[in-house]
Amino acid sequence: MPTSILQVENLVKRYGDVEAVRGVSFNVEEGEVFGLLGPNGAGKTTTVEILEGLRDPDGGRVSVCGLDPQRESAALKHEIGAALQSTSLPDKLRVMEALRLFASFYKRGRKPEELLKRFGLEEKRNTFYSQLSGGQKQRLALAMALVNDPRVLFFDEPTAGLDPQVRREIYDIIEELRRERKTILMTTHYIEEAERLCDRVAIVDQGKVIALGTPRELKAYSGGSTRIEVRLSKPESNGALKNLEGVADAREIDGTYVLHSKRPPQAIVSLVKHLEAEGNELVSLEISSPSLEDVFIEVTGRRLRD
Amino acid sequence: MSYLATLTRTRIQLAMRNKMFFFFSAVFPLGMFFLYAGIFAKGDPQKVSYFLGPVIAFNVMGSFWGLSAALVMFREQGILRRFHVTPVTATDMLASSLLANFVLTLPTISLELFLARFVFHVPSFGNLFSLAVLVTVGTVSFGSLGLVVASVTNTMQETQVLNQLIWLPLIFLSGATFPLAYLPNSIQHFGLFLPATYLVTALQSALYESFPVWKLLVQVLALAFFVSSQLFRWEPEAKIPRNAKLWALATALPFLLLGTWENTNGDILKQAQTAFHSLDRPASSDQPPRNNQ
């Protein structure tokens, strides 16, 4: 079996008394887009920054392109490209200057001119960094991650803080990289992002991987069932809802009842009948197809976005 | 190391686009020059030549502020982190600060020398080679001291405060602003502990003859560069190592030793006094011929 381009084994990282990463393990194969999905503070960024050689782990073993990020960081940095979270460039640096400067750090690379065109920044080539919009800054960040034609790309929350339209632009870029069979490790707390862009996803919570697989596999994990979310005017017991015809599972999360069902019409009919009999009323009802959020709820009993 | 050049060039470009930096590295020193040469020296070539020492010292010492503070800002804004995922090392970042600072100092100093020669008719600059060595080593040393401050402070604000605390004695008690011989006796002795004093006296001597203070500055430079590269932090939230402040104080050690030695055995104060008082004599001997004309 060929060795994976990224290997993480039992990774541990502590900040003082807080254990940010508590035994994370996963492998990423060449040409794969791998997503770490989880809420803020789950330890995703810490994990990625250890792989980039920016932080030292407290335990476990990691390998990137066959290199140890801690001991061989100089060699490693030629092989990786990164778009970091909470970073910036000098205000008075122009777009083209930034690309040229960063290209000069590497032995091999792509032509800045080519990247400018590809990321739609040609018209902005002489614009100061401070005058770019959020989306343009992010496109520049992704372009800069590619200047050395890296073997592995790290995108940490590539669409955080961007509005939906700009977010779709970034999706298009990442999808194109995926078609080119680039190896990408990305973090996100957006479910749709992980579902749409990633070949495999590790769901991370409180420093641990709680589920790992392709989006399809993960959804099957939650029974592949439709989710019915209802709010009621009076509290109801989970047990009663669970026993309704057509309902596979029911649980209460922050005052909302989440039912899972393989036969949604049947479940709704029996729910309404039950409520009428109890003198209870529906305040709202929402139906959604199974998503990775269900997996998260299934395992943690919490929502991904609190 | 080939990218040290591109990094340095970018730092220079960025500094030139910063109005504050331009003011403090070009406008302010030139203002000082005209103040000293035109008003204090009244345009007398002999006196202008004497005051060139402090004026150039001001330029050289200005690198203490220079680009080291920019590094703190880079760290605060998360810019350094972006460089950290590239092959750029801490040494590269520090060296580019010093090199860019040095290059940015040259035009102003050249302009001052040009003006001194052709507007104020200063006949000779003495040992030009010594002058070049002192300016180079001086700029880089004071720049390194700035880097040490940058590495023991967390925020831009802290850096500014600490810089001021060091800067004010450097310029007022060293002979850079007021001639050393003009200051009260006790302050003259205190001045012997300041690197600035040696730079000013050395520059004044270099304008007449050579002076080996650059050897001392090279040591400080090496020490300060080593300390700042050891303490370099890429991340805004990274903590200062506990022993950092001791490390930083180590850079003051050479001057503590030198100051003690100079205070007991040295003749720098005597030299400074002689140079200062000699200003009156040639000026008065110039008087009669002028009257005759």
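This is a short tour of a predicted model, with suggestions of what to select and a description of what is there.

**The contact between the chains**

Begin by selecting chain A and chain B together, and look at where they touch: 20 residues from chain A and 16 residues from chain B take part in the contact. On the side of chain A that touches chain B, the elements that give two or more residues are helix 2 (73-79) and helix 3 (95-103) of chain A. If you colour that side of chain A by residue class, you will find 11 nonpolar, 5 polar and 4 charged residues.

**Strand 8 of chain A and its partners**

Now select strand 8 of chain A, residues 200-205, which is mostly covered, with 5 of its 6 residues buried. Which strand of chain A pairs with strand 8 of chain A in the parallel sense? Add strand 3 (33-37) of chain A to the selection, since the two strands pair in that sense over 4 bridges, and then find L36(A), which stands opposite A202(A) in strand 8 of chain A.

Strand 9 (208-213) of chain A comes next, and its pairing with strand 8 of chain A is antiparallel, over 5 bridges. Within this pairing, I203(A) has A211(A) in strand 9 of chain A as its bridge partner. Follow the backbone from strand 8 to strand 9 of chain A and you pass through a hairpin with 2 residues between the strands, where Q206(A) in the turn has a positive phi of about 45 degrees.

**Helix 11 of chain A**

Keep strands 3, 8 and 9 of chain A on display, and add helix 11 of chain A, residues 292-300, in which L292(A), E293(A), D294(A), V295(A) and F296(A) are buried. The three strands are among the elements that cover these buried residues, and the cover also includes helix 7 (191-197), helix 8 (215-221) and strand 10 (226-232) of chain A. Just after helix 11 of chain A, stop at G301(A), which takes a positive phi of about 75 degrees.

**Helix 4 of chain B**

Finally, move to chain B and select helix 4, residues 66-76, where 9 of the 11 residues are buried. The buried residues include G66(B), L67(B), S68(B), F74(B) and R75(B). To see what lies over them, show helix 1 (3-16), helix 5 (79-84), helix 6 (90-118), helix 7 (128-152) and helix 8 (156-172) of chain B, which are included in the cover of the buried residues of helix 4 of chain B. The tour ends at G78(B), which follows helix 4 of chain B and has a positive phi, near 75 degrees.

Technical notes. Residues are numbered from 1 along each chain as its sequence is written. Chains are lettered from A and ligands numbered from 1 in the order in which they are written. This is a predicted model: local features need pLDDT of at least 70, side-chain atom pairs count only at pLDDT 80 or more; totals for chains, interfaces and linings use all residues. Two residues are in contact if their C-beta atoms, placed from the backbone, lie within 7 Å. Ala, Val, Leu, Ile, Met, Phe, Trp, Tyr, Cys and Pro count as nonpolar, Asp, Glu, Lys and Arg as charged, and the others, Gly among them, as polar. A residue is buried if 20 or more other C-beta atoms lie within 10 Å of its own, exposed if 12 or fewer, and partly exposed in between; C-beta atoms are placed from the backbone. Two strands pair if DSSP finds at least two bridges between them.
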